[in-house]
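Me: I'm new to reading protein structures and would love some help with this one. Could we go through it together, one question at a time?

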Amino acid sequence: MNILVIGSGGREHTLAWKLAQSPKATKLYAVPGNPGMADIAECIGGVDICDNEALVKLAEDKAIDLVVVGPEVPLTNGVVDAMNAAGIKAFGPRKLAAEIEGSKSFSKNLMKKYGIPTAKYEVFTDADEARAYIKKEGAPIVIKADGLAAGKGVIVAMTLEEALDAVHEIMDDAAFGKAGSRVVIEEFMEGEEASLLAFTDGKTIYPMVSSQDHKRAYDGDKGPNTGGMGTYAPAPVMTDEMVKVATERILKPTIAAMAKEGRPYKGCLYAGLMITKEGPKVVEFNARFGDPETQVVLPLLESDLVDIMLACTDGHLDEEHIEWSKGAAVCVVIASGGYPKAYKKGYPIEGLAKAKALDTLVFHAGTAEKDGKIVTNGGRVLGVVAKADDIRTAVDKAYKGVNAITFQDAFHRNDIAHRALERLADK
């Protein structure tokens, strides 16, 4: 099979790496891809991943049998619809189904209608009304831009001042453009967060290994929210019983609800969960694989990813038997100094081969090639991943890989998987 991966980040590098392991994968392409993917996929530049017509033409020219969509923007832009109309299989939800991520208000209203557990909320298009609601409710409180904001449109405000500033930033200053013309304001949920991704063909839903992301930029969960500074799997808070509860109360009802709404959902459904005293509640849904969750979930997948994706697109996921490794995986993100705000690009990266020699996987997220050298080209530059029989060994291995890599102004968190290690210490 000829397979095309759409996207250029660490998630897409991981997807391509896993797809390449399938005996069914004859030839892999990536658009635009990144330098780290070049040894497993032919990277094709010069095509706008938001131009459905250009993507379909590329898929036809390369005789693509399966398109795998990484980022959320092409999904909400209807790329799967366009591929299907041209008779090309594509893994991911169609445009109407992708709205579960594209509009937080749609997602929240769906959960309210079908009794899927989530935080209490209100939706606002007027900034003054939003401010009045915040003053009435008090802090802590959560303010979310309704549309897509590259993982940065959520502000957890611990004080009234932070909450009012968030409304000013999102609505008055339009920090996230049109995505912030409407905001969802939610109650602050207490508990521990976890991510549960699942494969689905629109009827059957199959949860993956759970994971836990670290959104804040600095150690101790301090600093601004980012796209994710590291992750690990499985998340100890997601016991077998908790996964079962989340599947029965959240994943299955959501897929059934989307079908009832005339928006059948196929692909990967990402449930960001808060594990509260009342059980798991939805923080958010994403319409695709998470980043950097994918970097720890897929290395633990023993089954053929191509087979699973075809089962999802063709509607026979119930016939698949999916196997997972019993071990653990940890990903530590190395970022550019200044991220998630302003940062410089173009710094040479040293030590990539040395890190790989230490039995780690290095997934490229924001890199480019210049004069034969790999250089920085984004905020999150690399994800260093280690697999091991247990979480502690995986953490130690991952940081050995991280410490082998250098570039100017690089930084990373030193406490990835700290919650998991604390739980082990308590035992």
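Reply: Happy to! A pocket here is an open set of grid points where a 1.4 Å probe fits, with protein on both sides within 12 Å along at least five of seven lines. Please keep in mind that this is a predicted model.

Me: How much space lies in the second largest pocket, and which residues are closest to its centre?

Reply: The space in the second largest pocket comes to about 440 Å³. Its lining is made up of 16 residues. Those closest to the centre are Val154, Ile155, Glu169, Pro224 and Asn225.

Me: Which element gives the largest share of the lining of the second largest pocket?

Reply: Let's start with the elements that give two or more residues: strand 8 (154–157), helix 8 (160–172) and strand 14 (222–225). By class, the lining has 9 nonpolar, 1 polar and 6 charged residues. The largest share is 4 residues, and it comes from helix 8.

Me: How many cavities of 30 Å³ or more are there, and what is the volume of the largest cavity?

Reply: A cavity is a set of points where the probe fits but cannot get out. Searching the whole structure for cavities of 30 Å³ or more gives 2. For the largest cavity, the volume is about 50 Å³.

Me: Which strand gives the largest share of the lining of the largest cavity?

Reply: The lining includes Gly10, Asp291, Phe363 and Arg380. Sorted by class, it has 5 nonpolar, 3 polar and 2 charged residues. The largest share, 3 residues, belongs to strand 22 (residues 380–388).

Me: What about the second largest cavity: how much space lies in it, and how do its lining residues divide by class?

Reply: About 40 Å³ of space lies there. Among the residues lining the second largest cavity are Val69, Phe91, Cys268 and Arg288. The lining divides into 7 nonpolar, 1 polar and 1 charged.

Me: How many disulfides does a search of the whole structure find?

Reply: A disulfide is a covalent bond between the sulfur atoms of two cysteines. To count here, the two sulfur atoms must be within 2.5 Å. The search of the whole structure finds 0.

Me: Why is Cys312 without a bond, and which cysteine has the sulfur closest to that of Cys312?

Reply: Cys312 is buried, with a relative accessible area of 1%. The closest cysteine sulfur is 8.8 Å away, so the gap is too far for a bond. That closest sulfur belongs to Cys268.

Me: How far is Cys331 from the nearest cysteine sulfur?

Reply: Cys331 is buried too, and its relative accessible area is 0%. Cys331 is in no disulfide, and the nearest cysteine sulfur, in Cys268, is at a distance of 16 Å.

Me: Now the sheets! Which strands stand at the edges of the 5-strand open sheet?

Reply: The strands of this parallel sheet follow the order 3-2-1-4-5. Inside it, 4 bridges join strand 1 (residues 2–7) to strand 4 (residues 66–69), and Leu4 stands opposite Val67. A strand with a single partner has one side left without a neighbour in the sheet, so the edges are strand 3 (42–43) and strand 5 (89–91).

Me: And in the open sheet of 4 strands, what is the average twist from one strand to the next?

Reply: This sheet is antiparallel, in the order 11-10-16-17, and its edge strands are strand 11 (205–207) and strand 17 (279–286). Strand 10 (residues 192–200) is joined to strand 11 by 3 bridges, and Phe199 faces Tyr206 in strand 11. From one strand to the next, the twist averages 35°.

Notes
Residues numbered from 1 in each chain as written. Predicted model: local features only at pLDDT ≥ 70, side-chain atom pairs only at ≥ 80, totals over all residues. Heavy atoms only, no water. 1 Å grid on protein atoms, 1.4 Å probe; cavity = no way out; pocket = protein on both sides within 12 Å on 5 of 7 lines; lining within 4 Å. Points joined across faces, edges and corners; volume = space filled by probe spheres on them. Nonpolar A, V, L, I, M, F, W, Y, C, P; charged D, E, K, R; others polar. Buried < 20%, exposed > 50% of the residue type's maximum accessible area, 1.4 Å probe, protein only. Pairing = 2+ DSSP bridges. Axes fitted to C-alpha atoms, helices over the stretch in contact; angles between N-to-C directions.
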